[in-house]
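Trainee: I am new to this structure and would like a close look at a single part of it. Please start from one place and work outward slowly.

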Amino acid sequence: MLNLRSLRLVPVLLLSVSVWAQAPLTASQVSPPVDWDKELALNMPADLNPDPHILEINLEAVVKEMEFIPGKKTQVWTYNGSVPGPLIKLKVGDRLIVHFKNKLPAPTSIHWHGLRIPNNMDGVPDMTQPMVQLGGEFTYDFVVPDAGTFWYHPHVDSAAQVGYGLYAPLVVEDPGEPKIPGDELILMFSDMSLDDEGLMQEPKAGGRFGDLFGREGTVVLVNGKVMPTLQLRKGKQQRWRVINASRTRYFTLRYKRSPLVIVGGDGGLAEHTRTVNEIKLVPAERHDFVFTPPDAPGVDGKLRWYPTDRGYGSTYNRLAEDIMNMHTVSEPAVTPMPVPEQLRKIAALDIKDAKERTLNLTIGYDRNENVSMGINGVHYKDAAPYMIKVGQTEVWTIRNDTDFSHPFHLHGFFFQVLATTEPLLWKDTVDVPQHSVVKIAIKFDDRPGMWMFHCHILDHAEVGMMGHLHLER
Ligand code: C2O
Ligand code: CU
C-alpha cells in the first residue's frame, strides 16, 4: 500500500531522474540520426559466393541516363548502373572475384587503384591484359593484402571514361586495427562536364588549354549527387573516408574550419593522428579522418570546396562553392569519444642502398604544336621502362619545374614520402606542387611485371605524362 511517507519521496525521485537525463550521453551511447547518410548511400553488389572470405560479384559497365541538372537527362557511363559504382567492402586477406562485362560503346578495363595485387590483375591494357572489347568479359580474381581506402576505374582512355562516371570505392578493413570512433561515411568527390542541357561535353573540350590545365567539370558531385544533405548530431562523430575521383579537380574542403582528426589515407592508418582545419585531396588521393559535428541542434551549414592553388589559372577569380548540406538534427548534443593518437607502427624504409632516380615532370609541344607532356622530356609512347629487380629499394626524386601541380601515382606499390613533417603513412598518390620537388622511397616486393606510374590529372596522363617500369626476378 502507498502511504504518505512514500508519496513524499516521489518529487525527490523525479528530480533525480531529470538531473540524470540532462547529463550528456557519450557518442558511443547513441545511434546516428535516422537516415543520416541516406542521400549518400552507395550501391552494394550482391555476393554470389557463400564463403565469408570471398566476395564474388558481377560487374557491368553500362551507359545509363541520369539527372544531375534538374529536368535534364545526362547519359553517363556507370558500373552496375550507378555513379559511383558499387562499393566493394572487404577484410584484409579476403579474395575478390569480379565477373566483368563491358556493355559500353568502347573498349575498357578496370584498374584497382592502390591495391598491391599481382601484375596480371592491374588492368592496364596491352601491358597486363588485353582490352575488354565491346561485349567482352574479363574475370578479376585476387586477394587484398592491405587495409585502406581504395577505388577502381578504367585504364583505357581514362580521362574520358572517368569523366563520364566510371569510378567506385573499395574499402579494406583490418579487424585488428585500433578502434576509431565515428559512424563510417565513404565519400567520393568528383565532377562532370555538363552543359546547361545536361549534355556531356566532348572529352577533348577546350583543346590545348584543356590539356594544359586539365578539364574540371562544371558540376561537383558527392557520391554522385549534386548538393546532397548529410544529417549530423552535435558531438556524434563521423569517420569520413574521402576519395577524389575527378579527372583533374583538386578538392580543398572545410567545414567552418572545425578540426578534422586525420587517422590515415591511401594505404590505411598513419603512424599517429594529425589534426587539421581543412583537407586537401588531390586527384586519386584518399584521406581517412574523424569529424565531430560542431553545430548546435537544429543548425544548417554547408561543406565548402575551396580553389586549390595548383598552378596558373587555378585560383584567380574563382570562388568557394557549397557542395553538401550539413543538417544538425535537433536532438541534444553528445560527448565525443577520444580518438586514439597512436595508430600503427610503420617502419621507415631503409634507403641506405637505395637506387636513386630523378623524374622530371615536363611539358612541351610537339611538331604540330600540340601539348606533349612527359617524364624527363620523353612522351609516354617513346619511353623505355625502368629496369628494376624484385627486392630493390629505390628513392625517386620527382621534380616539377612546370607551372602546374601534378598528382603522381605509382601502380601496385606503396611508397613513403621522404622529408615530410606529416606522420608516416603508406601512399600511392602524392601531390607534386608546381616548382617543387618531392622524394619518395619504394620497396619493390615480389610481384614482377610491367607497372605504370603517371600524373593522375588524367588529361595530363593522356598527353604523355606517364611512364612504366619492368620489375624482374
Ligand atoms: Cu588511378 Cu593508372 O591510375
Ligand atoms: Cu599533371
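**From one strand outward**

Mentor: Ile323 lies in strand E19, which covers residues 321-328. The model is a predicted one, and the values below are computed from it. Ile323 has a relative accessible area of 1%, so it counts as buried, the limit for that word being under 20%. A short stretch of chain can still span some distance: Ile323 and Ala296 are 27 residues apart along the chain, and their C-alpha atoms are separated by 21 Å.

Pro154 makes a useful companion to that residue. Pro154 sits in the loop between strand E7 (148-153) and helix H2 (158-163). With a relative accessible area of 0%, Pro154 is buried, although its place is in a loop. From Pro154 to Lys225 the sequence distance is 71 residues, while the C-alpha to C-alpha distance in space is 21 Å.

Three other loop residues deserve a look for their backbone geometry. The peptide bond that joins Val83 and Pro84 is cis, with omega at about -10 degrees. Pro84 belongs to the loop between strand E2 (74-79) and strand E3 (88-91). Asp35 is not a glycine, yet its phi is positive, about 55 degrees. Asp35 is found in the loop between helix H1 (4-22) and strand E1 (54-66), and its relative accessible area of 47% makes it partly exposed. Ala284 also has a positive phi without being a glycine, in this case near 80 degrees. Its surroundings are of another kind: Ala284 is buried, at 0% relative accessibility, and it lies in the loop between E16 and E17.

E17 leads on to the empty space inside the model. Rolling a probe the size of a water molecule over the atoms shows where such space is left. How many cavities of 30 Å³ or more does a search of the whole structure find? The search finds two. The largest holds about 50 Å³ of space. Its lining consists of Trp240, Leu253, Arg254, Tyr255, Leu260, Ile279, Phe289, Phe291 and Leu303. Strand E13 (251-254) and strand E17 (286-291) each give at least two residues to that lining. By class, eight of the lining residues are nonpolar, none is polar and one is charged; the charged one is Arg254.

The second largest cavity holds about 30 Å³. Around it stand Glu216, Tyr250, Trp305, Pro307, Thr308, Arg310, Ser314 and Arg318. This lining is made up of three nonpolar, two polar and three charged residues.

A pocket, unlike a cavity, is open. The largest pocket has a volume of about 550 Å³. Of the 27 residues that line it, Arg274, Glu285, His287, Glu422 and Lys427 lie nearest its centre. Two or more lining residues come from each of strand E14 (260-265), strand E15 (268-276), strand E16 (279-281), E17 and E26. In total the lining counts 14 nonpolar, five polar and eight charged residues. Domain 2 (183-328) and domain 3 (355-472) each contribute at least three residues to the lining of this pocket.

E26 is worth following further. Side chains in a regular strand alternate between the two faces of the sheet. In E26 (residues 429-432), Thr429 and Asp431 are on one side, Val430 and Val432 are on the other, and all four are buried, so both faces of the strand are covered. E26 runs antiparallel to strand E24 (residues 406-410), and four bridges join the two. One residue pair in this arrangement is His409 with Thr429, its bridge partner in E26.

The last stop is a metal site. What are the protein donors of the copper ion (ligand 2)? They are His406 through ND1, Cys455 through SG and His460 through ND1, at 2.0 to 2.1 Å from the ion. Along the sequence these donor residues follow the spacing H-x48-C-x4-H. Cys455 and His460 are both buried. His406 is also a residue of E24, given the bounds 406-410 of that strand, so the walk from the pocket through E26 and E24 ends at the copper ion.

Technical notes:
Residues numbered from 1 in each chain as written. Chains lettered and ligands numbered in written order. Predicted model: local features only at pLDDT ≥ 70, side-chain atom pairs only at ≥ 80, totals over all residues. Heavy atoms only, no water. Buried < 20%, exposed > 50% of the residue type's maximum accessible area, 1.4 Å probe, protein only. Pairing = 2+ DSSP bridges. 1 Å grid on protein atoms, 1.4 Å probe; cavity = no way out; pocket = protein on both sides within 12 Å on 5 of 7 lines; lining within 4 Å. Points joined across faces, edges and corners; volume = space filled by probe spheres on them. Donors = N, O, S within 2.8 Å, 3.2 Å for Na, K, Ca; no water. Domains from an automatic or database assignment.
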